[in-house]
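Let's take a walk through a protein model together. Have the 3D view ready to turn as you read.

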Amino acid sequence: MNTINPARITKVLPDSIAAEIGFEAGDAIVAINGTRPRDLIDYQFLCADEILELEVLDAAGKTHSLEIEKDYDQDLGLEFETALFDGLIQCNNRCPFCFIDQQPPGKRTSLYFKDDDYRLSFLYGSYLTLTNLPEREWQRIEQMRLSPLYVSVHATEPEVRIRLLKNQRAGQILEQLKWFKKRRLQIHAQVVVCPGINDGKHLEQTLKDLASFHTGEVPAVASVAVVPVGLTRFRPQADELTPVTREKAKEVISQVKILSQQFRQKFGSSIAWLADEWFLIAGEELPSESEYEEYPQIDNGVGSIQLFIKQFAAAATELLPPKVYPQRKLTWVVGNAVENAFQPILKRLNSVEGLEVNMRALCSDYWGQNITVTGLLTGHDLLLNLQGQDLGEGILLPNVMLKHGELVFLDDMSIEELARKLDTKILPVAGVEDLINTCIL
């Protein structure tokens, strides 16, 4: 068992119970009602009580005990340095397509952490493989009803999944799905398609197996995302992987469409969806917005383009003025994968009198990819393509390019450094409203 560290506080929300008591950033919670929380899940569970006895370590290293009375389920208003107070459960697989192994050496340490932690899956929707859980963690998932979890399945045939994950324990996936079903717990699954390994008849088998768990009031498999393998120029040699070609993308699209149609007739849901990237690689039209049901796999790039276009159209009606004054000129940087899909958005922005937005759709020289999604563009790519050009007042930068919560690209370049080298403002934008407001304000 890892050591449980005190839960270090980074932010105290104004007007919260914690602010009233006088908590400050730098303080840390050691125990709640005598229990040391392992992670944010324990913390939230323990804090639901009406009477809390807290053991707190202040920034100077002094311990305090305090009692709080509050409403049941009322939040204290604290944010922490990390969601895991006892360290990360690391990955024990050696998947050849692992993005972490496809990065150059020598960057910041956090880029090389291979997490395979069910707690991050529950809290943030990150994907895990279920190959590294001792019995006590399975018991905790059951007792605390940690559902849904997000699981990288890739293949349901034991020998194919073992080949992909390079781990004998990977062959237990169907038994694990039965475990979820029996306990009325759910997963969202993903299948990363590696041509020649888990495509064709193996992909069909996997999707049919997963769909067979989409039954009952609480389907054990709520949804499946089918994603193309992404390869970079840093990947290890002899990794037995081949990139997805245009022909392969067309083949997978037609295969999954047929199966989804069968699932809709049988189960009342498509169950399996293709990531937007398949259609971009194939040069085909994206499915209509209505086909994505409740967008269960939006964070996996399934339907995110159509949803963005829909949200933009709604926000533009409300927020875009007929004209702006003084005149503004901006450069909007996106991955070349969305260049065509985002033309209607570009056109609508440029219909505002006095506003000029130029789109620069880039591929990634850094990763060595011809077709690049926006989230993989790096500072290197922007510098290479935009240096010495008229970028107007600044660059509209989708914040999916930045490391979560930090102003740093995946190649370790900071926004500050890029702004200095390009001699322009960098304007990070999160979502459609932010994009519109940054254009007009």
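What follows starts with the whole chain and then moves in to single helices and residues.

## The whole chain

First things first: this is a predicted model. The chain has 14 helices and 14 strands. Its radius of gyration is 24 Å, close to the 22 Å that the globule rule gives for 441 residues, so the chain is as compact as a globular protein of that length. If you drew a box around the C-alpha atoms along the principal axes, that box would be roughly 60 × 55 × 45 Å.

How much of the chain counts as buried? Of the 441 residues, 52% do. The accessible surface adds up to about 21,100 Å², and carbon and sulfur atoms own 49% of that. Now look at who touches whom: among contacts with a separation of 6 or more, 68% are between residues 24 or more positions apart.

## Domains

The domain assignment splits the chain into domain 1 (7-80), domain 2 (99-301) and domain 3 (308-440). Between the C-alpha centres of domain 2 and domain 3 there is a distance of 30 Å.

There is also a database label to know about. An unreviewed UniProt entry lists residues 9-56 as "domain: PDZ". In the model, that span is 25% helix and 31% strand, and its end C-alpha atoms are 11 Å apart.

## Helix α6 and its surroundings

Let's zoom in on helix α6, residues 173-182, where the buried residues are Ile173, Gln176, Leu177, Trp179 and Phe180. Why do these residues line one face of the helix? Looking down the axis of α6, you find its buried residues within an arc of 150 degrees, so they line one face. Here is a handy bit of background: an α-helix has 3.6 residues a turn, so residues three or four places apart point the same way.

What covers the buried residues of α6? The cover includes the helices α4 (135-143), α5 (158-165) and α7 (200-211), along with the strands β7 (149-152), β8 (187-193) and β9 (221-228). Just past the helix, Arg184 has a positive phi of about 55 degrees.

## Two buried residues, Leu130 and His188

Leu130 sits in the loop between β6 (127-128) and α4. Is Leu130 buried or exposed? Its relative accessibility is 2%, so Leu130 counts as buried. Beyond residues up to four places away in sequence, Leu130 touches Asp116, Trp138, Val151, Ile173, Gln176 and Phe180. Ile173, Gln176 and Phe180 are also among the buried residues of α6. Asp117 is 13 residues from Leu130 in sequence, and their C-alpha atoms are 8.6 Å apart in space.

His188 belongs to strand β8. With a relative accessibility of 10%, His188 counts as buried too. Leaving out neighbours within four places in sequence, the residues in contact with His188 include Tyr127, Pro148, Val151 and Ala222. His188 and Glu79 are 109 residues apart along the chain, and 27 Å separates their C-alpha atoms.

## Helix α14

Helix α14 covers residues 431-440, and its buried residues are Val432, Leu435, Ile436, Thr438, Cys439 and Ile440. Their cover includes the helices α10 (304-319) and α11 (343-350). It also includes the strands β11 (323-335), β12 (353-362), β13 (394-398) and β14 (425-429).

## Unusual backbone spots

Some background before the last stop: most residues other than glycine have a negative phi, and most peptide bonds are trans. Where do cis peptide bonds turn up here? One joins Ser147 and Pro148, with omega about 0 degrees. Pro148 is in the loop between α4 and β7, and it is one of the residues in contact with His188. Another cis bond runs from Tyr325 to Pro326, with omega near -5 degrees. Pro326 lies in strand β11.

Now for two aspartates. Asp15, in the loop between β1 (7-12) and α1 (17-21), has a positive phi of about 60 degrees although it is not a glycine. Asp15 has 81% relative accessibility, so it counts as exposed. Asp73 is in the loop between β4 (63-69) and β5 (78-80), and its phi is positive as well, near 75 degrees. Asp73 is exposed, with a relative accessible area of 58%.

Conventions. Residues are numbered from 1 along each chain as its sequence is written. This is a predicted model: local features need pLDDT of at least 70, side-chain atom pairs count only at pLDDT 80 or more; totals for chains, interfaces and linings use all residues. Side-chain values use heavy atoms; hydrogens and water are left out. Buried means under 20% relative accessible area, exposed over 50%, partly exposed in between (1.4 Å probe, protein chains only). Helices (H or I, at least four residues) and strands (E, at least two) are DSSP runs, numbered from the N terminus. The arc is that of the directions from the helix axis to the C-beta atoms. Contact means heavy atoms within 4.5 Å. UniProt positions are given in the numbering used here, feature names are shortened, and annotations may be inferred rather than shown by experiment. Domain bounds come from an automatic or database domain assignment. The radius of gyration is taken over C-alpha atoms; the globule rule is 2.2 Å times the number of residues to the power 0.38. Accessible areas come from the Shrake-Rupley method with a 1.4 Å probe; for residues, only the protein chains shown count as cover.
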